[in-house]
Structure formats: structure tokens, C-alpha cells
Amino acid sequence: MALFPGVALIVGSASGIGQQTAVSFANEGCHRIALLDRSAEGLTRTAALIAALPLSTKAETFTQVVDVLEEASIIAAITAIVKLWGRIDYAVNSAGVTGNNQASTDTATHAFDTINGINYRGTWLCSREELKVMLNQTPLPTHDGRPGNRGSVVNVSSQLALVGRPRASAYCASKSAVIGMTRVDAIDYSVHNIRVNCVCPGIVDTPMTQGPGQAERLKPVISIAPLNRLGTPQEIADAIIFLSSSKASFMQGAAMVVDGGYTIN
Ligand SMILES: NC(=O)c1ccc[n+]([C@@H]2O[C@H](COP(=O)([O-])OP(=O)(O)OC[C@H]3O[C@@H](n4cnc5c(N)ncnc54)[C@H](O)[C@@H]3O)[C@@H](O)[C@H]2O)c1
């Protein structure tokens, strides 16, 4: 039996971790993959990557531009996915922005609002709409016949939800909020047979950590992790794929840390 017989939805799939997660769902045999992001260009690239996979001839993609700051755009996209495929089984919320690199007293309210509006409120809006869909569907068969779930939500938090870093109060708080929300949703929706987990990536080689001067600036931060290197988007996607799959049927409310050991040091 296939590991992913249902419909995957990845919000923030135009780039980085979300893009690699979308490609990984296709590689793992998922045949219906919805891609949402604010970047139309990036969504086209992700859909093209999936179309180019040797095993993906049967993977259909649905793309729609959304802004997770806008409730109406999320509701419209989720409604369109349900109209097309009838369900959402594996939802991944990866849309996010980096911090403003300023201490609290230097942080403008609009910067705080943007970071928290996308990373926390946007994740909450997406997961709320995904959960509503999952409440109205029955479980699919699983890879080995164990009882299945009505759905799985994986939110993308950060290692900076668990530890602090200078000049990152708005970002750290936005990501800690994602863990808190994940835990409570896991409690509330267990009775409905829906699993909700999150991943806490360390520093990962994506456009978020690239750009002029970033490699030098990040060197001392990367060296906090005993593995002393950047993670790859694939290494985070692998954890998300596991949490989304029926192999993770006893994982509930977890904040899975994938950080090269950053938070143990
Ligand atoms: N790269 C890292 O080191 C790292 C570490 C820890 C956590 N994370 C988290 O992982 C997630 C993915 O980040 P990434 O590294 O892949 O970065 P990325 O910049 O490559 O991807 C982020 C994606 O989110 C989309 N996005 C941003 N704001 C949006 C909005 N308002 N509406 C819709 N889409 C929006 C972007 O267009 C982009 O495609 C983020 O939540 C980030 O905070 C990243």
C-alpha cells in the first residue's frame, strides 16, 4: 500500500523547505499535491520540478497564489483544493519570513506585526482552515493496515522557538507560538483522529539564509551546532514527510528538532 494515498498541501512551497517538501511528497508517491505561496514564479518552478521527476508522471499539482496575511486568500485556496480533490490529508505550513535582526527597543511595531502576522497568525489561519476540511473526511487506508488518521498537519517552527539568539525577539516569539499552537491543536483534535505536529529546523541552506555576507555572518552561529554545518532542505523535508506519513501514527503534538544539535549546546 502506498505511503501517501491522499492529497498533500504545502503552504510556502515556492522556495526552500516547502519546495523540497513538495518534491519529496511526489518522490514518495503522493499523486495529488497542492502548492500555495505568495510567489507565482516560485510556484511555477516547484510544479516544474515535480513534473520533471522520473516517478512523477502520475503526480498532479494544483497551484494558487496566496498571502497568508490575508484570511480570504487562504479560504479561497483551500475551497478550491477541496472542490478539485475533495480532501486534504497531509497539510504542511512552511510559509515564513526571517527576523528583523533588531532588539525589542529598536523594533518598529509594523516589523513585529509582519513577522508574527506571517509566521504565527498565518500558520494559525492555514491550519485552522486545513483542520476544518479534515474534520469532514474519513481516514484513508495506511501503508501496513494500521488504523489511519483523518489528516495530519505539520507546522514549521524553528530551533529559535526553543532557544534565544540576540536581536531576534519577534522571530523567536513567532516560532515559539507555533509550538504552543501545535500542542493545543494536537490535544483538541486527537478526539477527532487528526494529528498535529511541528518541526524545528536548525539553520538550513535556503534563500532565507543566503545572500551577500550571510555565509560569513552565519559561520559563528552555525558552529554552535556540534555538526557545524548548514542543514539541507531535504533533511528537513525528510522529517516533515515522516511526520505526515502513517509511519508516524503515534506522533502527536511533537516539536521535532532537526538542527544538527544546535539546541543541545
Ligand atoms: N532556513 C532556515 O534556516 C530556517 C530555520 C528555521 C526555520 N525556518 C522556517 O522554515 C520555513 C521555510 O523557510 P525557508 O528557509 O524554506 O525560506 P524560504 O524563504 O526559502 O521560503 C519561505 C517561503 O514562504 C513564502 N512566504 C513568505 N511570506 C508569505 C506570505 N505572506 N504568504 C505566502 N507565502 C509566503 C515565500 O514566498 C517562500 O516561498 C519558514 O517558516 C522559516 O521560518 C527556516
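Me: Which residues lie nearest the centre of the largest pocket, and how many residues line the largest pocket?
Reply: Gly96, Val97, Thr98, Thr206 and Met208 lie nearest the centre of the largest pocket, which is lined by 41 residues. This is a predicted model, in which local features need pLDDT of at least 70 and side-chain atom pairs count only at pLDDT 80 or more, while totals for chains, interfaces and linings use all residues. Residues are numbered from 1 along each chain as its sequence is written, and side-chain values use heavy atoms, with hydrogens and water left out.

Me: Why is this space called a pocket, and what is the volume of the largest pocket?
Reply: On a 1 Å grid over the protein atoms alone, a pocket is an open set of points with protein on both sides within 12 Å along at least five of seven lines, whereas a cavity is a set where a 1.4 Å probe fits but cannot get out; lining residues have an atom within 4 Å of a point. The largest pocket is therefore an open set, and about 890 Å³ of space lies in it.

Me: Which helices supply the lining of the largest pocket, and of what class are its residues?
Reply: Helices α1, α5 and α6 (214-222) each supply at least two lining residues. The largest share, four residues, comes from α6. The lining has 18 nonpolar, 17 polar and six charged residues.

Me: Where is the ligand, and what makes a residue part of its shell?
Reply: The space taken by the ligand is the largest pocket. A residue is near the ligand if one of its heavy atoms lies within 4 Å of it, and 27 residues surround the ligand, the closest being Ser15, Ile17, Asp37, Lys175 and Thr206. Helices α1 (16-27) and α5 (169-190) each supply at least two residues of this shell. By class, the shell has 13 nonpolar, ten polar and four charged residues.

Me: Why does the pair formed by the ligand and threonine 206 count as a polar contact?
Reply: A polar contact is a pair of N or O atoms within 3.5 Å. An oxygen atom of the ligand is 2.6 Å from an N or O atom in the side chain of threonine 206, so this pair meets the definition. A nitrogen atom of the ligand is 2.9 Å from a polar backbone atom of valine 68, and an oxygen atom of the ligand is 3.2 Å from a polar backbone atom of serine 94. The protein covers 94% of the 820 Å² of accessible area that the ligand has on its own.

Me: How many cavities of 30 Å³ or more are there, and which residues lie nearest the centre of the largest cavity?
Reply: The count comes to two cavities of 30 Å³ or more. The largest cavity has a volume of about 180 Å³. Its lining has 18 residues, of which Tyr90, Thr142, Asn149, Ser244 and Ser246 lie nearest its centre. Six of the lining residues are nonpolar, nine polar and three charged.

Me: What lines the second largest cavity, and which helix gives the most to that lining?
Reply: The second largest cavity, with a volume of about 30 Å³, is lined by Val11, Val68, Asn93, Ser94, Ala95, Ile118, Gly122, Thr123 and Cys126. Helix α4 (residues 109-134) gives the most, with four residues. The lining has five nonpolar, four polar and no charged residues.

Terms used. Polar contact = N/O pair within 3.5 Å; in protein donor to acceptor, adjacent residues only side chain to side chain. Areas by Shrake-Rupley, 256 points an atom, 1.4 Å probe, with all protein chains shown as cover. Sits in = over half its atoms within 2 Å of the grid points. Nonpolar A, V, L, I, M, F, W, Y, C, P; charged D, E, K, R; others polar. Points joined across faces, edges and corners; volume = space filled by probe spheres on them.
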